[in-house]
Amino acid sequence: MLRHAKQDVRMCRKPVGTSIGYVCPQHEGRCVVCDLQFNEILPTMREVRLCDDCGLVAEGEEHCIMCGRPSTTEVAYYCQYCTALENDRDGCPRVMNPTKQQRLALLKAVRN
């Protein structure tokens, strides 16, 4: 997520809890930290855990942790490189201030 001039994106980074993070089809198959594309889930990859504040939603009402879209399909994962570098231990990776393009995509998704 911090690649390609996205340094202004602010993540939650509170200590993680037991809730699992989900992503929309647009972010499916991408690492939530480095934005690396992956085709299959390897045993060295870890699923994303959210803090208690970000994970307090009802079952079936999960939103994408990257853009906030309500249509989530898959569990979010850290790639094997971020797991090896222990970037998965930095805290909750939910994006607190989405970019302009993500806000526009969310508005489009809500209207349809």
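This is a short talk through one predicted protein model, taking its confidence, its core, its cysteines and its salt bridges in turn.

Let me start with confidence, since what we look at is a predicted model. The protein chain averages a pLDDT of 82, and 80% of the residues score at least 70. Among the elements of the chain, strand β6, residues 77-78, has the highest mean pLDDT, at 94, whereas α2 has the lowest, at 66. Where pLDDT is low, the predicted coordinates should not be read in detail. With that caution in mind, I will turn to the inside of the protein.

Which residues make the most contacts inside the largest nonpolar core? That core has 21 residues, and the ones with the most contacts inside it are Val23, Val32, Val48, Ile65 and Met66. If you would like one of these to follow on the screen, take Val23, which, once its neighbours within four places in sequence are left aside, is in contact with Val32, Ile65 and Met66, among others. The list for Val23 also includes Glu28 and Cys64, together with the run of Thr72, Thr73, Glu74, Val75 and Ala76.

Now to the cysteines. How many disulfides does the structure hold? The count is 0, and two of the cysteines show how this comes about. For Cys12, the nearest cysteine sulfur is that of Cys51, at 3.7 Å, and Cys12 is in no disulfide, because a disulfide needs the two sulfur atoms within 2.5 Å. Cys12 is buried, with a relative accessible area of 16%. Cys92 is likewise in no disulfide, its nearest cysteine sulfur being that of Cys54, 3.8 Å away. Cys92 is buried too, and its relative accessible area is 0%.

The next topic is charge. Side chains of opposite charge can pair when their charged atoms come close. The structure holds 5 salt bridges, and I will go through some of them.

In one of them, Lys14 pairs with Asp53, and the closest N and O atoms are 2.6 Å apart. Lys14 sits in the segment before β1, which covers 19-20, while Asp53 sits in the loop between β4 (49-50) and β5 (74-75), so this pair ties together parts that are 39 residues apart in sequence. As for how open the two partners are, Lys14 is partly exposed at a relative accessible area of 37%, and Asp53 is exposed at 52%.

Another salt bridge joins the side chains of Asp88 and Arg46, at 2.8 Å from N to O. Here Asp88 belongs to the loop between α1 (80-84) and α2 (100-111), and Arg46 to strand β3, residues 46-47, so parts that are 42 residues apart in sequence are tied together by the pair. Is Asp88 buried or exposed? At 9% relative accessibility, Asp88 counts as buried, whereas Arg46, at 40%, counts as partly exposed. The side chains of Asp88 and Arg46 also make a polar contact, again at 2.8 Å. Leaving aside neighbours within four places in sequence, Asp88 is in contact with Tyr78, Cys82 and Thr83 as well as with Arg46.

A further salt bridge is formed by the side chains of Arg89 and Glu86, with 3.8 Å from N to O. Of these partners, Arg89 is exposed, with a relative accessible area of 59%, and Glu86 is partly exposed, at 43%.

I would like to end with a few places in the backbone. His27 is found in the loop between β2 (22-23) and β3, and this histidine is buried, with a relative accessible area of 9%. The C-alpha atoms of His27 and Thr73 are separated by 9.9 Å, although the two residues are 46 residues apart along the chain.

Which value does phi take at Asp35? The angle is near 70 degrees, a positive value in a residue other than glycine. Asp35 lies in the loop between β2 and β3, and at 11% relative accessibility this residue counts as buried. Arg13 also has a positive phi, near 65 degrees, in a residue other than glycine. Arg13 is located in the segment before β1 and is partly exposed, with a relative accessible area of 30%.

Notes
Residues are numbered from 1 along each chain as its sequence is written. Side-chain values use heavy atoms; hydrogens and water are left out. Buried means under 20% relative accessible area, exposed over 50%, partly exposed in between (1.4 Å probe, protein chains only). A nonpolar core is a set of buried Ala, Val, Leu, Ile, Met, Phe, Trp, Tyr and Cys residues joined through side-chain atoms within 4.5 Å. Contact means heavy atoms within 4.5 Å. A salt bridge is a side-chain nitrogen of Lys or Arg within 4 Å of a carboxyl oxygen of Asp or Glu. Helices (H or I, at least four residues) and strands (E, at least two) are DSSP runs, numbered from the N terminus. pLDDT is the predictor's confidence in each residue, from 0 to 100. A polar contact is a pair of N or O atoms within 3.5 Å; within protein, one must be able to donate a hydrogen and the other to accept it, and residues adjacent in sequence count only if both atoms are side-chain atoms.
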